[in-house]
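Open the model in a viewer and keep the selection tool at hand. The stops below say what to select next and what is there.

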Amino acid sequence: MEISGWLIFILLVQVIHGIGTWKLYVKAGRKAWEAFVPVYNGIVLMQIINRPKWWILLLFIPVINLFLFPIIWIETLRTFGKKSTVDMVLGLITLGFYIAYVNYTQKVTYHANRDLTAPNKTMDTLGSLSFAIVVATLVHTYFIQPYTIPTSSLEKSLLVGDFLFVSKFHYGARTPMTPIAAPMVHDTLPIVKVKSYSAKPSLPYFRFPALQKIERNDIVVFNWPADTLFHMYKAADKRYDKPIDKKTNYVKRCTAIPGDKIEIKEGIIFINGKESILPERAKPQYSYKVAWDGKTPVDLDYIKKELNITDAFGQIANDTLIFSALPQSSVDRLKNIPGLTKVERIIHKETDKTIFPGTKDWNVDNLGPIYIPEAGKTVELNKETLPFYKKVIGEYEGNDLKVNGNEIRINGQVATSYTFKQDYYWMMGDNRHNSLDSRYWGFVPADHIVGKPIFIWMSIDGINDGLKNWSIRWDRLFTTVRGDGQPKSYFQYFLIALAAYFAFDYFRKKKKKKEDA
């Protein structure tokens with residue numbers, strides 16, 4: 001739904017609110033017209049039901065308002081003496097329209113100084129639960145989101161089984177585009193495995209001001225642009241075009257930013273003609289072919305354990321060992337193992353048409369140059385360049401794109417160039433030969449950016465191998481994702497702070513008991 005459509009919808013809601021409540025406003029000593037003025041009527045209503053005026057702000061926050069509206073309906077009914085269980089249920093199942101029924105058919109009394117405590121234990125529990133959900137959803141949506149690393153595409157930097165806190169505010173918190181959705185879950189409700197949201201109505205894209213821009217080599221969480229799968233057990237292979245904010249969350253390293261030209265030669269990344277230098281914490285990995293003398297016994301399990309490369313695999317064929325996902329440190333140690341005579345990085349030479357944009361003789365180790373679109377910049381359009389930007393123009397930026405022979409039409413007009421409406425990024429995994437990334441599906445639009453991983457609070461080795469095989473990686477607990485030098489665990493400091501708090505709380509309560517005695 002466009003902004004104009006939402007404005008009309010909000011205006012309609014205000015009119016309905018006024019028609020359904022104006023008599024109650026008058027009963028509370030206010031003017032009838034006050035029930036019809038947008039925003040102001042909400043402020044007045046908060047005064048009538050004796051609730052904080054800032055609640056009105058929460059009504060404009062998607063998802064949060066889904067929980068606050070029912071609370072306000074119940075509070076309004078209770079303020080005018082309608083506080084039975086039947087009244088509460090009718091207020092909820094009619095989506096607040098029961099208030100209009102009361103407004104026109106019931107003789108009610110305004111209780112300006114009513115008791116704000118819950119009438120019974122059940123209502124008290126529901127109120128506390130609703131408040132907790134509102135706060136948790138607010139934090140989850142606009143500040144910090146927990147995230148789990150599911151794959152090895154950033155192995156060594158982020159491990160499978162790492163539990164992260166992802167900052168939403170570093171790159172600017174994005175408001176939900178699906179306002180009707182279950183809180184604190186993504187596209188699917190757990191256990192029941194059904195869709196957790198309604199695709200309609202939808203909100204236009206909006207992002208709050210950012211604290212910083214995405215920089216090259218930042219690790220970024222984003223919605224996977226190519227996600228068209230209905231991630232539910234009943235239709236796993238069905239194409240399903242999801243809303244942007246409900247596409248699968250991915251985490252990769254931002255290799256190139258808007259305006260860059262990226263090229264990969266023999267597996268080495270070049271940005272604007274210069275080799276890309278990764279930060280110290282990054283551990284890029286490649287596949288390697290290792291020559292074996294054919295005589296010395298080779299124990300692959302021993303090698304994997306010795307080099308800590310449990311995610312790699314090896315095989316013996318024609319006096320050759322093949323390993324994948326090896327960082328340079330493991331390669332250096334591999335060279336010293338008896339019986340291994342030569343270690344050579346595997347560089348793909350064959351053409352792979354699954355590599356973006358699918359029209360070049362490229363592969364994962366050799367591609368480009370590719371220009372990364374920047375908002376406001378213009379590119380020439382022809383049969384050669386169109387494959388790079390076809391999805392940008394038609395899908396990401398919502399234009400009607402038609403191609404007839406050599407003629408390109410955008411929104412009905414012949415086009416020989418195109419000016420981008422938003423920024424785009426190139427995301428890649430450090431596990432170069434085992435990562436589904438921009439080399440396969442191209443650019444990541446700015447409106448797909450979710451946030452910045454900042455903290456690992458838990459890390460479980462073997463998380464996909466069953467509970468009995470789990471083991472905590474203690475050295476990764478409470479470590480930062482980015483920074484100079486190698487990761488350092490702050491878990492011990494957390495334990496000290498926690499112990500200090502409990503000690504302080506114990507002595508405070510003990511002192512209070514003495515003072516009350």
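A residue counts as buried when its relative accessible area is under 20%, as exposed when that area is over 50%, and as partly exposed in between. The model is a predicted one, and the tour applies these classes to it throughout.

**Stop 1: L477**

Select L477, in the loop between β20 (471–472) and β21 (479–480). Is L477 buried or exposed? Its relative accessibility is 2%, so L477 falls in the buried class.

Now show what surrounds it. Leaving aside residues up to four places away in sequence, L477 touches I456, W457, M458 and S459, then I472, and finally S489, Y490 and F491. For a distance check, pick the C-alpha atoms of L477 and F502: the two residues are 25 apart along the chain, and the atoms are separated by 21 Å.

**Stop 2: T479**

Move along to T479, which is in strand β21. T479 has a relative accessible area of 2%, and therefore is buried. A polar atom of its side chain lies 2.9 Å from the backbone oxygen of R476. Again not counting residues up to four places away in sequence, the contacts of T479 are F455, I456, P487, K488 and S489. I456 and S489 appear in this list and also among the contacts of L477.

**Stop 3: R473 and its salt bridges**

Select R473 and D461. Their side chains form a salt bridge, with 3.2 Å from N to O. R473 is in the loop between β20 and β21 and D461 is in strand β19 (residues 449–461), so the pair ties together parts that are 12 residues apart in sequence. R473 counts as buried because its relative accessibility is 14%, whereas D461, at 38%, counts as partly exposed.

Add D162 and R476 to the selection: these two, together with D461 and R473, are linked in a network of salt bridges. R476 is also the residue whose backbone oxygen lies 2.9 Å from the side chain of T479.

**Stop 4: two other salt bridges**

How many salt bridges does a search of the whole structure find? The search finds 20. Two further ones to display are these:

- E407 with R409, where the closest N and O atoms are 3.0 Å apart. E407 has 32% relative accessibility and so counts as partly exposed; R409, at 33%, also counts as partly exposed.
- R432 with D430, where the closest N and O atoms are 4.0 Å apart. Both R432 and D430 are buried.

**Stop 5: the largest nonpolar core**

In soluble globular proteins, nonpolar side chains tend to be buried together. Select I262, I370, L381, Y389, I393, W426 and F443: of the 31 residues in the largest nonpolar core, these touch the most other members. At least two residues of this core come from each of β5 (261–265), β6 (268–271), β11 (367–371), α10 (386–396), β14 (407–410) and β17 (424–428). Which element gives the most to this core? It is α10, with 6 residues.

Centre on I393. Not counting residues up to four places away in sequence, I393 touches L381, L386, G398, N399, L401, I410 and Y418. A second, separate core has 29 residues, including L45, W73, L77 and V108.

**Stop 6: the sheet with β5 and β6**

Switch to a cartoon view and colour β7, β6, β5 and β11. In that order, these 4 strands form an open sheet with antiparallel pairing. The edges are β7 (274–275) and β11; each has a single partner strand, so one side of each is left without a neighbour in the sheet. Between β5 and β6 the antiparallel pairing runs over 4 bridges. Pick I262 and find its bridge partner in β6, which is I271.

**Stop 7: the sheet of 3 strands**

Finish at β9, β8 and β10, an open sheet of 3 strands in that order, also paired antiparallel. Here β9 (320–326) and β10 (340–345) are at the edges with a single partner strand each, so one side of each lacks a neighbour in the sheet. From one strand to the next, the twist averages 25°. Strand β8 (residues 286–292) pairs with β10 in the antiparallel sense over 5 bridges. Label V290 as the last selection: opposite it, in β10, stands V343.

Conventions. Residues are numbered from 1 along each chain as its sequence is written. This is a predicted model: local features need pLDDT of at least 70, side-chain atom pairs count only at pLDDT 80 or more; totals for chains, interfaces and linings use all residues. Side-chain values use heavy atoms; hydrogens and water are left out. Buried means under 20% relative accessible area, exposed over 50%, partly exposed in between (1.4 Å probe, protein chains only). Contact means heavy atoms within 4.5 Å. Two strands pair if DSSP finds at least two bridges between them. Axes are lines fitted to C-alpha atoms, for helices over the stretch in contact, and angles run from 0 to 180 degrees between N-to-C directions. A polar contact is a pair of N or O atoms within 3.5 Å; within protein, one must be able to donate a hydrogen and the other to accept it, and residues adjacent in sequence count only if both atoms are side-chain atoms. A nonpolar core is a set of buried Ala, Val, Leu, Ile, Met, Phe, Trp, Tyr and Cys residues joined through side-chain atoms within 4.5 Å.
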